[in-house]
Amino acid sequence: MFERLIVTGGCGFIGSNFIRFLRQHRPSIAITNIDCLSYSGNLENLAGLEGDARYRFIKADIGDAGTMKSALAGADAIVHFAAESHVDRSLMDSRPFVQTNVLGTQTLLDAARHARLKRFVHVSTDEVYGSLPLDRPEFRFTEDSPIRPSSPYAASKAASDLLVHAFHHTFGLDAVITRCSNNFGPYQFPEKVIPLFVTNLLEGKQVPLYGDGLNVRDWIHVDDHCEAILAVLERGRAGQVYNIGADNEHSNLDLTHSLLRLMNRGPEFIRHVEDRPGHDRRYAIDSSKIAAELGWRASRSAWPAALEATVAWYTSNATWWRHIRSGEYRSFYDTLYANRPAAMA
Ligand SMILES: NC(=O)c1ccc[n+]([C@@H]2O[C@H](COP(=O)([O-])OP(=O)(O)OC[C@H]3O[C@@H](n4cnc5c(N)ncnc54)[C@H](O)[C@@H]3O)[C@@H](O)[C@H]2O)c1
């Protein structure tokens, strides 16, 4: 249906899993991956694709209007993952979040209009809805829940969602927004809680648990998220928002104890640290709209099996995360691309 697809942020955690997912399930689609290789962009996440004739990598910032205009020309559709994505970093400095998530998205929207793309899928987050109380388990975010972001990260994503909505409403751009809960799985940058805790435990280090650890997240396996995005790309209705979740709620304390059990470590490996300022208490997603309209339901996310498989992946891919922890992954680009013709980079 779409033959030429742009993926932004394809060297990050979810983007790289999405490209692999497409290669497996839609092998005929030609993919152009646009990524500036920020600290979380890692070409090793896509090792093996370099020689693929239907895959092209462009190293560029999504805020570069000229490059986006030429990169999008001739494409059918775009799936937009590129973002600054870590809440804690947004508390230290929110400017890169506004720069990439807001201005970068606006630049892409302009380029998409200009290129007359048939579809713009904007990958957003449940964090735009803010926090739910712990004592009302019946509450869940629906697509009609108010937008009440708590962190600068969530606020920048909310702003980008509103821009996408405006471009659809005013200019008729065929755009769809997805809002997913917390992802886990292979290739997640080891600053996020699951890979951070697993790799710390593998190195015999303690894990830093924020506050009382009772904050609840609705965990979804990245492949379930990728499958939902593909469904939205192919069958979602223009102008709509689709929530994506897996009905897999766990507190950070439960998560930590599950990891300790799976990795044969005792509670002495927990180091309680001061809570994150403004830390959202609970996220929970109502995915009934995407289930009813597109027939999608999570099938790979249930714990403990999915968590155990994730621990096993980080255990047997120590070279991958050790390269990140040591900074070596930064040289991968030079190794791969330094002597290639200019058009590749
Ligand atoms: N990780 C989650 O649990 C989760 C949940 C819901 C939604 N999301 C959304 O999914 C998307 C991907 O998240 P992720 O966890 O894979 O993040 P990530 O940090 O692992 O990857 C982000 C990618 O974007 C690239 N990038 C950053 N700024 C760029 C720029 N200015 N120009 C070009 N490329 C740039 C980075 O190099 C990196 O490859 C984000 O939009 C995020 O908001 C993430």
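Q: How many cavities of 30 Å³ or more does the count give, and what makes a space a cavity?
A: In this predicted model, the count comes to 2 cavities of 30 Å³ or more. A space earns the name because a 1.4 Å probe fits there but cannot get out. The largest cavity holds about 50 Å³ of space, which puts it over the 30 Å³ mark.

Q: What lines the largest cavity?
A: The lining is made up of Val164, His165, His168, Ala175, Val176, Ile177, Gly239, Gln240 and Val241. Helix α5 and strand β6 (175–180) each supply at least two of the lining residues.

Q: How many residues of each class are in that lining?
A: There are 5 nonpolar, 4 polar and no charged residues. Gly239 is part of the lining, and glycine goes with the polar class by the rule used.

Q: What makes the second largest pocket a pocket rather than a cavity?
A: A pocket is an open set of points, whereas in a cavity the probe cannot get out. About 150 Å³ of space lies in the second largest pocket. Its lining includes Arg140, Asp247, Asp286, Trp296 and Arg297. By class, the lining has 5 nonpolar, 3 polar and 4 charged residues.

Q: Which residues are closest to the ligand, and how many surround it?
A: The ligand is surrounded by 29 residues, the closest being Asp35, Ser40, Ser85, Tyr153 and Lys157. The shell divides into 13 nonpolar, 12 polar and 4 charged residues. Helix α1 (13–25), strand β5 (119–125) and helix α5 (152–171) each supply at least two of them, and β5 has the largest share, with 3 residues.

Q: Why does the pair between Lys157 and the ligand count as a polar contact?
A: A polar side-chain atom of Lys157 sits 2.6 Å from an oxygen atom of the ligand. The cut-off is 3.5 Å between N or O atoms, so this pair counts. Backbone atoms join in too: a polar one of Phe13 is 3.0 Å from a ligand oxygen, and a polar one of Asn183 is 2.9 Å from a ligand oxygen. Taken alone, the ligand exposes 830 Å², and the protein buries 97% of that.

Q: How many aromatic pairs does the rule give?
A: The count comes to 14 aromatic pairs. One of them is formed by Phe184 and Trp219.

Q: How do you know that Phe184 and Trp219 form a pair, and what kind is it?
A: Their rings are 6.4 Å apart, centre to centre, with 75 degrees between the planes. The centres must lie within 6.5 Å, and planes over 60 degrees apart are edge-to-face, so this is an edge-to-face pair. The pair links distant parts of the chain, 35 residues apart: Phe184 is in strand β7 (residues 183–184), and Trp219 is in the loop between β9 (216–218) and β10 (220–221).

Q: What is odd about the phi of Leu37?
A: Leu37 has a positive phi, about 55 degrees, although it is not a glycine. Leu37 lies in the loop between β2 (30–35) and β3 (55–59).

Q: What kind of peptide bond joins Trp303 and Pro304?
A: A cis one, with omega at about 10 degrees. Pro304 belongs to the loop between α9 (288–294) and α10 (305–316).

Conventions
Residues are numbered from 1 along each chain as its sequence is written. This is a predicted model: local features need pLDDT of at least 70, side-chain atom pairs count only at pLDDT 80 or more; totals for chains, interfaces and linings use all residues. Side-chain values use heavy atoms; hydrogens and water are left out. A residue is near a molecule or strand if one of its heavy atoms lies within 4 Å of it. A polar contact is a pair of N or O atoms within 3.5 Å; within protein, one must be able to donate a hydrogen and the other to accept it, and residues adjacent in sequence count only if both atoms are side-chain atoms. Accessible areas come from the Shrake-Rupley method with a 1.4 Å probe; for residues, only the protein chains shown count as cover. Helices (H or I, at least four residues) and strands (E, at least two) are DSSP runs, numbered from the N terminus. On a 1 Å grid over the protein atoms alone, a cavity is a set of points where a 1.4 Å probe fits but cannot get out, and a pocket is an open set with protein on both sides within 12 Å along at least five of seven lines; lining residues have an atom within 4 Å of a point. Grid points are joined across faces, edges and corners, and a volume is the space filled by probe spheres set on the points. Rings of Phe, Tyr and Trp (its six-membered ring) pair if their centres lie within 6.5 Å; planes under 30 degrees apart count as stacked, over 60 as edge-to-face and the rest as tilted.
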